Amino acid sequence: LWVLMLLGLLALSSKQIMHGLLRMAGSRVSERMAGRLEHAYDSLSELISIPCLLGGTALSAVAWFAECLSLMAILVGFGVQASWIECTFIYSLSTLAGAALFFMPGGIGGTEAAMVGLLREVAGTSEGVASLATVLTRASTLWFAVAIGMGALFFCPLEVSENIETELKDEAA
């Protein structure tokens, strides 16, 4: 899986390969669609550059670990003594299981079910504590982040979105 992912990233980072593939795909779709695909790829190529990819991965790892620590802090508040390793295992596995098995945004439903089960089995909590700790953890991690993102959309508009709207209006005219 890692080899396939690395090969995919190498192919995506090669502008020659991707523009060649986009030209081949452009012969099968409309010229307008081909232009949009090239524009999308050019934007993507900036995001998957090595500095952006490494910086984003490091920032994501720190953020995920902070979410694991929030589960630990909530459990401590309930009087459950779970180690940071247990909390990291429980939070990470339940998040991945919820996303992989239920195909819902944020793993909604599956993540919570897995977290309650893991809290009961690994941390030895009661059903009530596991359920409430799961709700509080998800509220303070997932939904708090969603609220921040929604606020950012309204109060911090990106210049890029304005350029795209202008380009689409020009194409329609």
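**Exercise 1. Salt bridges in the predicted model**

Task: In this predicted model, find how many salt bridges the structure holds, and work out which helices the pair Arg138 and Glu112 ties together.

Solution:
- Step 1. Start with Arg120 and Glu127, whose side chains meet in a salt bridge at 3.9 Å, N to O. The cut-off is a nitrogen within 4 Å of a carboxyl oxygen, so a pair at 3.9 Å counts.
- Step 2. Check the surroundings of Arg120: with 40% relative accessibility, this residue is partly exposed.
- Step 3. Now take Arg138 and Glu112, which are joined side chain to side chain by a salt bridge of 2.8 Å, N to O. Arg138 belongs to helix α7 and Glu112 to helix α6, so this pair links parts that lie 26 residues apart in sequence.
- Step 4. Look at Arg138 once more: its relative accessibility is 4%, so it counts as buried.
- Step 5. The total for the structure is two salt bridges. As background, side chains of opposite charge can pair when their charged atoms come close.

**Exercise 2. A nonpolar patch**

Task: Name the residues of the nonpolar surface patch, then decide which helix gives the most to it.

Solution:
- Step 1. Collect the members: Leu101, Phe102, Met104, Ile108, Trp143, Val146, Met150, Leu153, Phe154 and Phe155. Together they have about 1100 Å² of accessible area.
- Step 2. Sort them by element. Two or more residues of the patch come from each of α5 (84-102) and α7 (127-155).
- Step 3. Helix α7 is the main contributor, giving six residues.
- Step 4. Try one member as a check: Phe154 sits in helix α7. Is Phe154 buried or exposed? Its relative accessible area is 63%, which is over the 50% cut-off, so Phe154 is exposed.

**Exercise 3. The largest pocket**

Task: Describe the largest pocket by its space and by its lining.

Solution:
- Step 1. The space in the largest pocket is about 370 Å³.
- Step 2. Its lining has 15 residues, and those nearest the centre are Leu6, Leu9, Ile48, Ile50 and Leu53.
- Step 3. At least two lining residues each come from α1 (2-13), α3 (31-47) and α4 (50-77).
- Step 4. The largest share belongs to α1, which supplies six residues.

**Exercise 4. Sequence distance and distance in space**

Task: For Thr88 and Cys68, Leu132 and Phe78, and Gly79 and Lys15, set the separation along the chain beside the C-alpha distance.

Solution:
- Step 1. Thr88, in helix α5, is 20 residues from Cys68 in sequence, with 5.0 Å between their C-alpha atoms. Thr88 is partly exposed at 21% relative accessibility.
- Step 2. Leu132 is part of helix α7 and is partly exposed, at 42% relative accessible area. Its C-alpha atom is 9.5 Å from that of Phe78, and the two are 54 residues apart along the chain.
- Step 3. Gly79 is in the loop between α4 and α5 and is exposed, with a relative accessible area of 56%. From Gly79 to Lys15 there are 64 residues in sequence and 55 Å in space, C-alpha to C-alpha.

**Exercise 5. Confidence**

Task: Find which helix has the lowest mean pLDDT and which has the highest.

Solution:
- Step 1. For the whole chain, the mean pLDDT is 84, and 90% of the residues reach 70 or more.
- Step 2. Helix α8 (residues 159-172) has the lowest mean, 64, while helix α6 (residues 110-121) has the highest, 93.
- Step 3. Keep a caution in hand: where pLDDT is low, the predicted coordinates should not be read in detail.

Terms used: Residues are numbered from 1 along each chain as its sequence is written. This is a predicted model: local features need pLDDT of at least 70, side-chain atom pairs count only at pLDDT 80 or more; totals for chains, interfaces and linings use all residues. Side-chain values use heavy atoms; hydrogens and water are left out. pLDDT is the predictor's confidence in each residue, from 0 to 100. Helices (H or I, at least four residues) and strands (E, at least two) are DSSP runs, numbered from the N terminus. Patches are made of residues with over 30% relative accessible area and no salt bridge: like charges are joined within 9 Å, nonpolar side chains (Val, Leu, Ile, Met, Phe, Trp, Tyr) within 5 Å. Accessible areas come from the Shrake-Rupley method with a 1.4 Å probe; for residues, only the protein chains shown count as cover. Buried means under 20% relative accessible area, exposed over 50%, partly exposed in between (1.4 Å probe, protein chains only). On a 1 Å grid over the protein atoms alone, a cavity is a set of points where a 1.4 Å probe fits but cannot get out, and a pocket is an open set with protein on both sides within 12 Å along at least five of seven lines; lining residues have an atom within 4 Å of a point. Grid points are joined across faces, edges and corners, and a volume is the space filled by probe spheres set on the points.
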